[in-house]
Amino acid sequence: EMWSLTMQDFIDVVRFCMSTDFYRKLNKSKSLVTTFDILANFVKPWTKGTGCGVAVLMSKDDQDPTKLEAELLFCHAPDG
């Protein structure tokens, strides 16, 4: 598969989410933030209406996300 994030990009996404007030409030109310929470509250709002995924939106000028071969897959079905 193509259209990938680098591992560093993935870490950056997670760190950004964790740095927000919304994440802290969510973590306090649930005591555990799941991948479903990240998808529903961050990824979907970021990508809504763009026709693009996070990989494309985060791509750097010198990085073509369509050329990055995936080594690990996280799908949009966090419940299985």
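Colleague: Why does threonine 20 count as buried?

Modeller: In this predicted model, threonine 20 has a relative accessibility of 15%, and since buried means under 20% relative accessible area, threonine 20 counts as buried. Threonine 20 is found in the loop between helix H1 (7–19) and H2.

Colleague: What makes the approach of the side chain of threonine 20 to the backbone oxygen of cysteine 17 a polar contact?

Modeller: The side chain of threonine 20 reaches that backbone oxygen of cysteine 17 at 2.8 Å, and a polar contact is a pair of N or O atoms within 3.5 Å, one able to donate a hydrogen and the other to accept it, so the pair falls inside the cut-off. On the other side of the loop residue, the backbone nitrogen of tyrosine 23 lies 3.1 Å from a polar atom of the side chain of threonine 20, and this value too is within 3.5 Å.

Colleague: Why is threonine 50 called partly exposed?

Modeller: Threonine 50, which is found in the loop between H3 and H4, has a relative accessibility of 36%; because partly exposed covers what lies between under 20% and over 50%, threonine 50 counts as partly exposed. A polar atom of the side chain of threonine 50 lies 2.7 Å from the backbone oxygen of threonine 47.

Colleague: Is serine 31 buried or exposed, and how do you know?

Modeller: The relative accessible area of serine 31 is 60%, and exposed means over 50%, so serine 31 is exposed. Serine 31 belongs to the loop between H2 and H3, and has a positive phi of about 70° although it is not a glycine. A positive phi, near 75°, is also given for glycine 49, which follows H3.

Colleague: What makes threonine 34 a cap of H3?

Modeller: A side-chain oxygen of threonine 34 lies 3.3 Å from the backbone nitrogen of phenylalanine 36, which is within the 3.5 Å limit for a polar contact, and threonine 34 caps the N-terminal end of H3 in this way.

Colleague: How do H2 and H3 pack, and which residues make the contact?

Modeller: Helix H2 (residues 21–30) and helix H3 (residues 35–47) pack at an angle of about 145°, with their axes 12 Å apart, and their crossing is right-handed. On the H2 side the contact is made by Phe22, Tyr23, Leu26 and Lys30, and on the H3 side by Asp37, Ile38, Asn41 and Phe42; these residues divide into five nonpolar, one polar and two charged.

Colleague: Which residues make up the largest nonpolar core, and which helix gives the most to it?

Modeller: The core has nine residues in all, namely Val13, Cys17, Tyr23, Leu26, Val33, Leu39, Phe42, Val43 and Val54. H1, H2 and H3 each supply at least two residues of this core, while H3 gives the most, with three residues. In soluble globular proteins, nonpolar side chains tend to be buried together.

Colleague: Which residues of H3 are buried, and what do they pack against?

Modeller: The buried residues of H3 are Asp37, Leu39, Phe42, Val43 and Thr47, and they pack against H1, H2 and helix H4 (54–58). For phenylalanine 42, leaving aside its neighbours within four places in sequence, the contacts are Cys17, Thr20, Phe22, Tyr23 and Asp37.

Colleague: What is the secondary structure of the protein, and how many of its residues are buried, as a percentage?

Modeller: The protein comes to four helices and zero strands, running α-α-α-α from the N terminus on, and buried residues make up 21% of its 80 residues. Among contacts between residues at least 6 apart in sequence, 60% join residues at least 24 apart.

Conventions. Residues are numbered from 1 along each chain as its sequence is written. Side-chain values use heavy atoms; hydrogens and water are left out. Axes are lines fitted to C-alpha atoms, for helices over the stretch in contact, and angles run from 0 to 180 degrees between N-to-C directions. A crossing is left-handed if the near helix is turned anticlockwise from the far one by less than a right angle, and right-handed if clockwise. Contact means heavy atoms within 4.5 Å. Ala, Val, Leu, Ile, Met, Phe, Trp, Tyr, Cys and Pro count as nonpolar, Asp, Glu, Lys and Arg as charged, and the others, Gly among them, as polar. Buried means under 20% relative accessible area, exposed over 50%, partly exposed in between (1.4 Å probe, protein chains only). A nonpolar core is a set of buried Ala, Val, Leu, Ile, Met, Phe, Trp, Tyr and Cys residues joined through side-chain atoms within 4.5 Å.
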